[in-house]
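Thanks for coming. I have one structure to go through today, and I will keep to what can be read from the coordinates. Please look at the sequence and the model first.

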Amino acid sequence: MADVIVAGVGQTPVNEHWGISLRELAFMALEAAQKDAGGLRPQALFVGNMLAPQMSHQAHLGALMADFAGLPGIEAVTTEAAGASGGAAIRMGYLAVASGQADVALVLGVEKFTDQIGSAIEAALATAGDSDYEAVQGLTPTAQAALLMRRYMHEFGVAHEAFAGFAVTAHANGVGNPHAMFRKAITQDTYQRAGVVSDPLNLFDVAPVADGAAALVLTRPELLPPNFPQPLVRIAGSSLVTDTLALHDRPDPLALQAVRLSVEGACARARITPLQVDLFELYDAYSIFAALSLEAAGYAERGLGWKLAQDSHLSLQGTIPISTLGGLKARGNPGGATGVYQAVEATLQLREQAGQNQVSEARRAMIQCLGGPASTVVTHILERMA
């Protein structure tokens, strides 16, 4: 398998883009990524999207986006894996380029929530779970995460305020990200006084869903334009793993086995251990997911993931920085586009283009997105080349 380079990145701010259509939002990110890559022309386009058929009444995004971007006739397809859709699209692009089936691949993640309002959004989000046994009973992803947090607090004797560090870290990092939805730091006291969304989850335990698009251009090093101006970042490892769709089918709902296996697979491919990465863009759609992911990835013992945030290990100057540009919590959660945003942000870190949020001497990054309660997990290792 050949080396795969992230030659170009592009993103839109994550926000409520009421006046911009799905295709226009996508084009903004695609155009920026192609410009960043020196105008490389792709042979394939892989679109990560979760909810366009329900939210925007628009399926067939591959053909739509290729047409609107002025790329007629190229291979183009949509990849859907709930919140892991963007990561799955990156994996498809990576495999296409690494195998030689495409010289240049565009990867796009796009989501448009504001085409619907209120209960329609919750109903659409619930399709990420098991419709016959969970959604039909009224179980939403937020309620499911609340059940997981309640079980975690009970099993390990952890108070709710112990999770504050995840939100505090994310919002502190969001201040320096011009593409973030929320750019204001919060304190532990602010966290504890926030209103309850689904007991015990409060407002700062839940990442806000919003509109956004992000894009990558992937190619092989020998195909880069002469005098390519950007530092070279390669995808050193890639892994996609699934678990049961329904949470109740797992022997231990607090052990995210697909996270563990996906991290092991990506790290094995990159020939490193998780302790050798310099930052971890994890899927903090809910605070409980951050704690469980850190434990499953091997950074903390079972029941102790929350302590990493309390002890500042996860800050930009810590031993394993997370959510370095705000994560889902402060940047916003653009659904199926999340995995591509993570790749854009990690690439900026490895290029040393992250501004005031730069992680010092960052050489390797791990990015990971989850579909449902880690029913699909996609992990990538990105590495700066010498």
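I start with Ser85. Neighbours within four places in sequence left aside, Ser85 is in contact with Gly48, Asn49, Met50, Thr79, Glu80 and Gly336; contact here means heavy atoms within 4.5 Å. Ser85 sits in helix H4, residues 85-98. Helices are DSSP runs of H or I with at least four residues, strands are runs of E with at least two, and both are numbered from the N terminus. Is Ser85 buried or exposed? Ser85 has a relative accessible area of 0%, so it counts as buried. The cut-offs are under 20% relative accessible area for buried, over 50% for exposed and partly exposed in between, with a 1.4 Å probe and protein chains only.

A word on the source. This is a predicted model, in which local features need pLDDT of at least 70 and side-chain atom pairs count only at pLDDT 80 or more, while totals for chains, interfaces and linings use all residues. Residues are numbered from 1 along each chain as its sequence is written, and side-chain values use heavy atoms, with hydrogens and water left out.

Next, Cys369, which lies in strand S10, residues 364-371. Cys369 is buried because its relative accessibility is 2%. Again without neighbours within four places in sequence, the contacts of Cys369 include Gly83, Ala84 and Gly87. Tyr283, Gly339 and Gln342 are also among them, as are Thr376, Val377 and Val378. Between the C-alpha atoms of Cys369 and Val97 there are 21 Å, with their positions 272 residues apart along the chain.

Now the surface. Met1 lies in the segment before strand S1 (5-11). Met1 counts as exposed because its relative accessibility is 58%. Together with Met92 and Leu95, Met1 forms a nonpolar surface patch of about 260 Å² accessible area.

Finally, the whole chain. The protein chain has 13 helices and eleven strands. Its radius of gyration is 19 Å, close to the 21 Å from the globule rule for 386 residues, so the chain is as compact as a globular protein of that length. That radius is taken over C-alpha atoms, and the rule is 2.2 Å times the number of residues to the power 0.38. The C-alpha trace spans about 60 × 45 × 40 Å along its principal axes. Of the 386 residues, 60% count as buried. Among contacts between residues at least 6 apart in sequence, 78% join residues at least 24 apart.

Conventions: Patches are made of residues with over 30% relative accessible area and no salt bridge: like charges are joined within 9 Å, nonpolar side chains (Val, Leu, Ile, Met, Phe, Trp, Tyr) within 5 Å. Accessible areas come from the Shrake-Rupley method with a 1.4 Å probe; for residues, only the protein chains shown count as cover. A salt bridge is a side-chain nitrogen of Lys or Arg within 4 Å of a carboxyl oxygen of Asp or Glu.
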